[in-house]
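Look at the sequence and the structure together before reading on. The paragraphs below take the chain one part at a time.

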Amino acid sequence: MNVTGVGVRSSLMVQTLGDMRTQLGDLQRQLGTGKKSTTYAGLGIDRGLAVGLRGRLSAIAGYGNTITQLGVRINLASTALGRIADLGHDVKAAATSTQFVLDASGQSATQRAAASQLDEILGLLNTPAGDRYLFSGRAADKPATETLDHILNGDAGRAGFKQVMLERSQADLGADGLGRLVIPAASGTQVSISEETPPTVFGLKLASVSGLNNATVTGPTGSPASVTVDVTANPNPGDAITFSFTLPDGTSDHITLTATANTPPADGEFTIGTLPGQTAINLQAALSTAVGKLAATSGSAASAMAAAHDFFDVDAGQPPMRVSGSPFTATSLTAGTPSDTVTWYTGEMGTDLARGTATAKVDDALSVSYGARANEVGIRSTIENIAVYAAMSFSPSDANAQARFTEMSDRVGSGLAGTNGQQSLQDIQAELAFAQTTMKDAGERQSERKMMLEDLLQGIEQAPQEEVAAQILALQTRLQASLQTTAMLYQLNITQYL
């Protein structure tokens, strides 16, 4: 009879064979996948370290994705700012070189082109990057500005820039066209010139008066300021007097009147009379004419620039401003309301730094700030100067139109050239470039760290192929020998055993 089993020893041998088969399968898996184990538990005492390394690599990958996304946003913002700067340069060049040639609209061709350039600027500021608008501050879910039409022409009963500029022009010019100055008829030998009563923020402001030979000059003094010129004796031909003024936009200009024996006098001159009283009358007439021209030319251009500041210089707690009451008699500005005045900037208003309105973590202890607001000085200044150039119009029949056009163009050119100490578009670009550099450096550090961590993780998780192959060969040899031994035992009968 055959022996069908050998007890415990036989069971242990079968179990050993099973374990060897399992081990062989695991080694073959390691050889195929290159991994020591499919679970962290299979890594033994290194499993905690592997989990930690995986977590760090996941964080680095997250930072990398953030850097990539921010890189796109900052590149878009920088490109937009670069284009806005180019458009500003184009308008500046046009404003400082264009001849006074008007079309039927009362504007030059470069003025009409400026309106299109301003529209392009607004489009750049309103271009979204994915799900956010880059120049709206924290209000990243809505465009940064109103449309060009609404900004210039108003909307649904709300005043736009053109209306605000017209009201300001009327308020600064005054009903008699003298820039809110009062120049009464000469009294005896005295000529006086004063600011309006009650005091007003509008119009020309007396700054200083130079002396005239054989005349006594008093002022400017008082509030409102006034000046008196007492012609005690006739001046000599060629003697001059200069009146200096502060204009609505804070700039300065002056009028120089020169005594002459000619009748009639040329522009900028007054005729010496037979007596000082007649000379005073002639001086008063020349002064009135010159002040009217100044108010209609450089004063009007300065008024447009002041209106641009009133309308565009909006921020938290600072709404657009406009003339309060009837323009010709108004004495102050008033805040526009959402129902009566367009607010051109529709993003988030804030008093904090614009860059801080958007931040992102790009490393464990490093965040990058890349926010922007369209009402930042560097951007706003470009917009308001181009808006003045695009909005003003002129009448060919106006004798002062060409001089006013020149004054306006010069101011726009100077405004687009920038002011020392004032934020520029290049300043904003530089701050965004710094954020890019910071992100690039962080990305490079993380790439190096990632390589090191991956090497460490590979040493823990990776199965060495040569060693696994050798173990498979050795195990196959052992398994074959064990199988042969087991087979011999199971074939053993009682005769062979005895």
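What follows goes from the whole chain to its cores, its sheets and a few single residues.

The model shown here is predicted. Its chain has 498 residues, and 42% of them count as buried. Along the chain there are 12 helices and 14 strands. The surface that the chain exposes is about 24100 Å², with carbon and sulfur atoms supplying 54% of it. Take the contacts between residues at least 6 apart in sequence: 68% of these join residues at least 24 apart.

Next comes the interior. In soluble globular proteins, nonpolar side chains tend to be buried together. The largest nonpolar core of this model has 67 residues. Within this core, Phe135, Phe161, Phe312, Trp344, Val388 and Met408 touch the most other members. Helix 2, which covers residues 47-95, contributes the largest share of the core, 11 residues. Another core, of 32 residues, lies apart from the largest one; among its members are Leu206, Phe270, Ala280 and Leu283.

Which residues does Phe312 touch, if residues up to four places away in sequence are not counted? They are Ile151, Phe161, Trp344, Arg380, Ile383, Glu384 and Ala387. Phe312 is buried, and Phe311 is buried as well. A pair of aromatic rings is described by the distance of the centres and the angle of the planes. In the model, 8 aromatic pairs are counted. One of them is formed by Phe311 and Phe312, with 4.9 Å from centre to centre and 80° between the planes. This pair is edge-to-face, because an angle over 60 degrees puts it in that class. Ring pairs also link Phe161, Phe311, Phe312, Trp344 and Tyr345 into a cluster.

The strands come next. One open sheet consists of 4 strands in the order 3-4-7-6, and its pairing is antiparallel. Strand 3 (181-182) and strand 6 (215-221) are at the edges and have a single partner strand each, so one side of each has no neighbour in the sheet. Strand 6 and strand 7 (residues 226-231) run antiparallel and are joined by 5 bridges. Thr218, for example, has Thr228 in strand 7 as its bridge partner. Helix 6 (residues 276-296) packs on this sheet and touches strand 3, strand 4 (190-195) and strand 7. The direction of helix 6 makes about 30° with that of strand 4.

A further open sheet has 4 strands in the order 5-8-9-10, with mixed pairing. Which strands stand at its edges? They are strand 5 and strand 10 (269-271); each has a single partner strand, so one side of each is left without a neighbour in the sheet. Ignoring direction, neighbouring strands of this sheet are turned by 30° against each other on average. Strand 8 (residues 240-246) pairs with strand 9 (residues 252-260) in the antiparallel sense, over 7 bridges. In strand 9, Leu257 is the bridge partner of Ile241. Helix 6 lies across strand 8, strand 9 and strand 10, and runs at about 150° to strand 9.

Leu206 is placed in strand 5 (residues 205-209). Is Leu206 buried or exposed? Its relative accessible area is 10%, and buried means under 20%, so Leu206 is buried. Neighbours within four places in sequence aside, Leu206 is in contact with residues including Ile193, Ser194, Pro220, Val227 and Phe245. Ser194 is 12 residues from Leu206 in sequence, and their C-alpha atoms are 7.6 Å apart in space.

Another pairing is that of strand 13 (residues 359-363) with strand 14 (residues 366-369), antiparallel and over 4 bridges. These two strands form a hairpin with 2 residues between them. Thr359 has Ser369 in strand 14 as its bridge partner.

Some details of the backbone remain. The peptide bond between Thr197 and Pro198 is cis, with omega about 0°. Pro198 is in the loop between strand 4 and strand 5. A cis peptide bond also runs from Gly219 to Pro220, with omega near 5°, and Pro220 lies in strand 6. Ala156 is not a glycine, yet has a positive phi, near 50°. It lies in the loop between helix 4 (148-153) and helix 5 (161-173). With a relative accessible area of 74%, Ala156 is exposed. Asn214, in the loop between strand 5 and strand 6, has a phi near 65°. Asn214 is partly exposed, with a relative accessible area of 36%.

Terms used: Residues are numbered from 1 along each chain as its sequence is written. This is a predicted model: local features need pLDDT of at least 70, side-chain atom pairs count only at pLDDT 80 or more; totals for chains, interfaces and linings use all residues. Side-chain values use heavy atoms; hydrogens and water are left out. A nonpolar core is a set of buried Ala, Val, Leu, Ile, Met, Phe, Trp, Tyr and Cys residues joined through side-chain atoms within 4.5 Å. Buried means under 20% relative accessible area, exposed over 50%, partly exposed in between (1.4 Å probe, protein chains only). Contact means heavy atoms within 4.5 Å. Two strands pair if DSSP finds at least two bridges between them. Axes are lines fitted to C-alpha atoms, for helices over the stretch in contact, and angles run from 0 to 180 degrees between N-to-C directions. Rings of Phe, Tyr and Trp (its six-membered ring) pair if their centres lie within 6.5 Å; planes under 30 degrees apart count as stacked, over 60 as edge-to-face and the rest as tilted. Accessible areas come from the Shrake-Rupley method with a 1.4 Å probe; for residues, only the protein chains shown count as cover.
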